[in-house]
Amino acid sequence: MSSTSFEITRIPTPDEQRALTTETVYTTTISPQKTSQLLSFIAKHLPKLTGIEHVKRVRKTSTFLQVILCQTSAITEEELLRILKDSEWTLGEICQVPDTPPITADQFSKWKDVWPVAFRPPAQNRVEITEEERKYIAGQILRSEQEGVVMCQPKTHAVVASATAQDHPLRHAAMCCIGKVADLELARNDSLVPAKRMHDEPSDTAGYLCEGLDVFAITEPCVMCCMALVHSRIGRLFFINAASGGGISYYGMHARKGLNHHFSVFQCSMPEKSDA
Amino acid sequence: MATREQRLKFMAEALDMAEEALQTSEVPVGCVFVHSGKVVGRGRNETNETKNGTRHAEIVAIDRMLASGFQLEDFQQTDLYVTVEPCIMCASALRQIKIRSVVYGCGNDRFGGCDSVLNVNTDEGLDGTPYPAEGGFYKDEAILMLRKFYVRENTNAPQPRKKANRVLKTGDLDIESSS
């Protein structure tokens, strides 16, 4: 049905783009029958693995098992040898293991070659854009070409506000659009009796009024605007042209560890009128 | 370059603005802009009043300054004194107006754009001009101000969260608490 070339590509998060990094562990080599004995020895005498819960304890080869004793960061080799001295176990190779869990299939295929790891892709990896949404997205991108940054309710597709940049160093379109949403909310609150206010939230949670909204722009927002979108708790951002100094391209600000709100970002091709 | 004493004097004025924010139930962050040894702009948080999460002290002050005739190019000889490290948004805004330098009180672990989370002020390849930022001026006073805000019971809330049993922690700060 849809033979158009309108493309919507989700921009990966910084974690999804992460290259493999490793840390080192002490291992020993045993025959398979000895596994449970060794594991109970480890549980009793050696430091627990911390921060590498995705790493599997045992690596199989055709004839024997290689088992992680503990992380090299936990104890020195001398200490480990002292603990092993009165046991039947010996220190084998020091091996590299991935120090973060793989969250994409591509990472998993590379990580697991280094050492066996568990793979549990997080939920946001499975975001799908439906055919109905494609038309809506195309339509709002086309609107954005005329009206600047556009913000919509993702469920109803209703336009909440749109704004172009003003002649002012900081009044970029996204900042202006956030301002319009705030002004609309202030006007609505003034027109309602207090008991019926929709967003009569504790004052220290105000400023979240763009929460969950879809944002459409032709050009990727700058660092200032991307952080403004984080502060405003938007749901999704769609744009056509990436910018080298943009908040998404430069810092991956839509999904950065350390920031208290994340959102999804999609880069689109310019739609045709027939796509909307 | 201002002496430490001069910097503390301007930071005290920024703290006055933060105090004003606290009195109006805004997150208490305040700032002053200083040009040729004089305060040429002031701002405090207005995010609750405006329902706009971008109305931080710095943005508010810059807006007012430009509206009242301050020339954009004069920011290149202007220093900002702000009680809390500028957030990533403000750090980028300050770079885009080409601020000369930033002096702040306490760091901002959640949003800080001048060291704590990102280094928007010094990273290469972004819009605007990089600038130096230095923290630690009346740091404890700035932290105490924030803590006073966060222990407060919010009387505007429809279902106030129980904050009555929260206590103002000051033992780790090197100052006397007056309230």
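Trainee: How many residues apart in helix 3 of chain A are K110(A) and D106(A), and what does that mean in helical turns?

Mentor: They're four residues apart in helix 3 (residues 105–114) of chain A, so about one helical turn separates K110(A) from D106(A). Keep in mind that we're looking at a predicted model. In this model the side chains of K110(A) and D106(A) meet in a salt bridge, 3.1 Å from N to O.

Trainee: How many salt bridges does the rule give over all chains?

Mentor: The count comes to 19 over all chains.

Trainee: And how many does the rule find across the interface of chain B and chain A?

Mentor: One salt bridge turns up across that interface. For a pair to look up, try R171(A) and D63(B): their side chains meet in a salt bridge at 3.4 Å, N to O.

Trainee: What does the contact take from each chain?

Mentor: Chain A gives 36 residues and chain B gives 40. Between them the two chains bury about 3,100 Å², and 62% of that is on carbon and sulfur atoms.

Trainee: Okay, helix packing next. What describes two packed helices?

Mentor: You want the angle between their axes and the distance between the axes. Take helix 6 (residues 223–231) of chain A with helix 4 (residues 88–96) of chain B: the angle is about 155°, and the axes are 8 Å apart.

Trainee: Are helix 6 of chain A and helix 4 of chain B roughly parallel or roughly antiparallel?

Mentor: Angles over 145 degrees count as roughly antiparallel, so that's how helix 6 of chain A and helix 4 of chain B run relative to each other. The crossing of this pair is left-handed.

Trainee: Which residues in helix 6 of chain A and helix 4 of chain B meet?

Mentor: On the chain A helix, look for V223(A), M224(A), M227(A), A228(A) and H231(A); on the chain B helix, they meet I88(B), M89(B), S92(B), A93(B) and Q96(B). Sorted by class, this contact of helix 6 of chain A with helix 4 of chain B has seven nonpolar residues, three polar and no charged.

Trainee: What does helix 6 of chain A do with helix 5 of chain A?

Mentor: The axes of helix 5 (residues 173–191) of chain A and helix 6 of chain A come within 8 Å and cross at roughly 25°. These two helices are therefore roughly parallel to each other. A174(A), M175(A) and I178(A) in helix 5 of chain A meet M224(A), C225(A), A228(A) and L229(A) in helix 6 of chain A. By class, the contact of helix 5 with helix 6 of chain A has seven nonpolar residues, with no polar and no charged ones.

Trainee: At what angle do helix 1 and helix 5 of chain B pack?

Mentor: Helix 1 (residues 4–23) of chain B packs on helix 5 (residues 139–151) of chain B at about 5°, with the axes 10 Å apart. That makes the two roughly parallel. From helix 1 of chain B, L15(B), A18(B), E19(B) and L22(B) meet E141(B), A142(B), M145(B), K148(B) and F149(B) of helix 5 of chain B. The class split for helix 1 with helix 5 of chain B is six nonpolar, no polar and three charged.

Trainee: Last one: what sign of phi do most residues other than glycine have?

Mentor: Negative, for most of them. Here, H157(A) has a positive phi, near 65°, and sits in the loop between strand 6 (149–152) and strand 7 (159–163) of chain A. S36(B) isn't a glycine either, yet its phi is positive at about 50°. You'll find S36(B) in the loop between strand 1 (30–35) and strand 2 (38–44) of chain B.

Technical notes:
Residues numbered from 1 in each chain as written. Chains lettered and ligands numbered in written order. Predicted model: local features only at pLDDT ≥ 70, side-chain atom pairs only at ≥ 80, totals over all residues. Heavy atoms only, no water. Axes fitted to C-alpha atoms, helices over the stretch in contact; angles between N-to-C directions. Parallel < 35°, antiparallel > 145°, perpendicular 65-115°, else oblique. Left-handed = near helix turned anticlockwise from the far one by under 90°. Contact = heavy atoms within 4.5 Å. Nonpolar A, V, L, I, M, F, W, Y, C, P; charged D, E, K, R; others polar. Buried area = accessible area lost by both parts, 1.4 Å probe. Salt bridge = Lys/Arg side-chain N within 4 Å of Asp/Glu carboxyl O.
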